[in-house]
Amino acid sequence: PLDNIKGEKTRLLLEKEKEQLRSTIGQLSWLGNQTRPDISSNVSQLSGAYKEATVADVAYANKTIKKVVCDELSINFPKLNLNKLTLEVHSDASYNNLPRGGSQGGFIIMLCDDIKRSAPIQWQSRCI
């Protein structure tokens, strides 16, 4: 976590602070891509803000870290009927919902069987 940053929310980060934020975003990105779809949107927003990152962005990164630490998440992979598999895709987007403008979109791809058991195989959230 980037705990040592003080100042106004709109203050641009110093280079050393940006390096710490970049490292944090990278670690959160790995988690979001591998095991934590619930933080994918947060990571996308942090990545988009990096170029002109402020103290408020560090606070948002810290809030995301707290979510990872405090909110237990499990992804279930049930036994599927391999003879009756289908793909199911769910997607959504929000128009102009990001703090600096822009829109957010995301999707999840599920492997499903004939009795509606499903397992996630890929997800993503990003600026569109």
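How many of the 128 residues of the protein chain count as buried? In this predicted model, the share is 32%.

The overall build of the chain can be read from its N terminus. The protein chain has three helices and three strands, and these elements follow one another in the order α-α-α-β-β-β. Taken along the principal axes, the C-alpha atoms fill a box of roughly 60 × 30 × 20 Å. The radius of gyration of the protein chain is 17 Å, whereas a compact globule of 128 residues would have one near 14 Å.

Contacts within the chain also reach across the sequence. Among contacts with a separation of 6 or more, 58% join residues that are 24 or more positions apart.

The surface comes next. About 8700 Å² of the protein chain is exposed, and carbon and sulfur atoms supply 52% of this area. As for charge, there are 17 positive and 14 negative side chains. The centres of these two sets lie 1 Å apart.

One residue shows the local detail. Ser103 sits in the loop that links strand E1 (86-94) to strand E2 (104-112). Is Ser103 buried or exposed? Ser103 counts as buried because its relative accessible area is 10%, and the cut-off for buried is under 20%. The side chain of Ser103 comes to 2.7 Å from the backbone nitrogen of Asn96. Asn96 also appears among the contacts of Ser103 that remain once neighbours within four places in sequence are left aside. Those contacts further include Ser94, Tyr95, Asn97 and Leu98, together with Arg126, Cys127 and Ile128.

Note on methods
Residues are numbered from 1 along each chain as its sequence is written. This is a predicted model: local features need pLDDT of at least 70, side-chain atom pairs count only at pLDDT 80 or more; totals for chains, interfaces and linings use all residues. Side-chain values use heavy atoms; hydrogens and water are left out. Helices (H or I, at least four residues) and strands (E, at least two) are DSSP runs, numbered from the N terminus. The radius of gyration is taken over C-alpha atoms; the globule rule is 2.2 Å times the number of residues to the power 0.38. Buried means under 20% relative accessible area, exposed over 50%, partly exposed in between (1.4 Å probe, protein chains only). Contact means heavy atoms within 4.5 Å. Accessible areas come from the Shrake-Rupley method with a 1.4 Å probe; for residues, only the protein chains shown count as cover. Lys and Arg count as positive and Asp and Glu as negative; His and the chain ends are not counted. The place of a charge is taken as NZ of Lys, CZ of Arg, CG of Asp or CD of Glu. A polar contact is a pair of N or O atoms within 3.5 Å; within protein, one must be able to donate a hydrogen and the other to accept it, and residues adjacent in sequence count only if both atoms are side-chain atoms.
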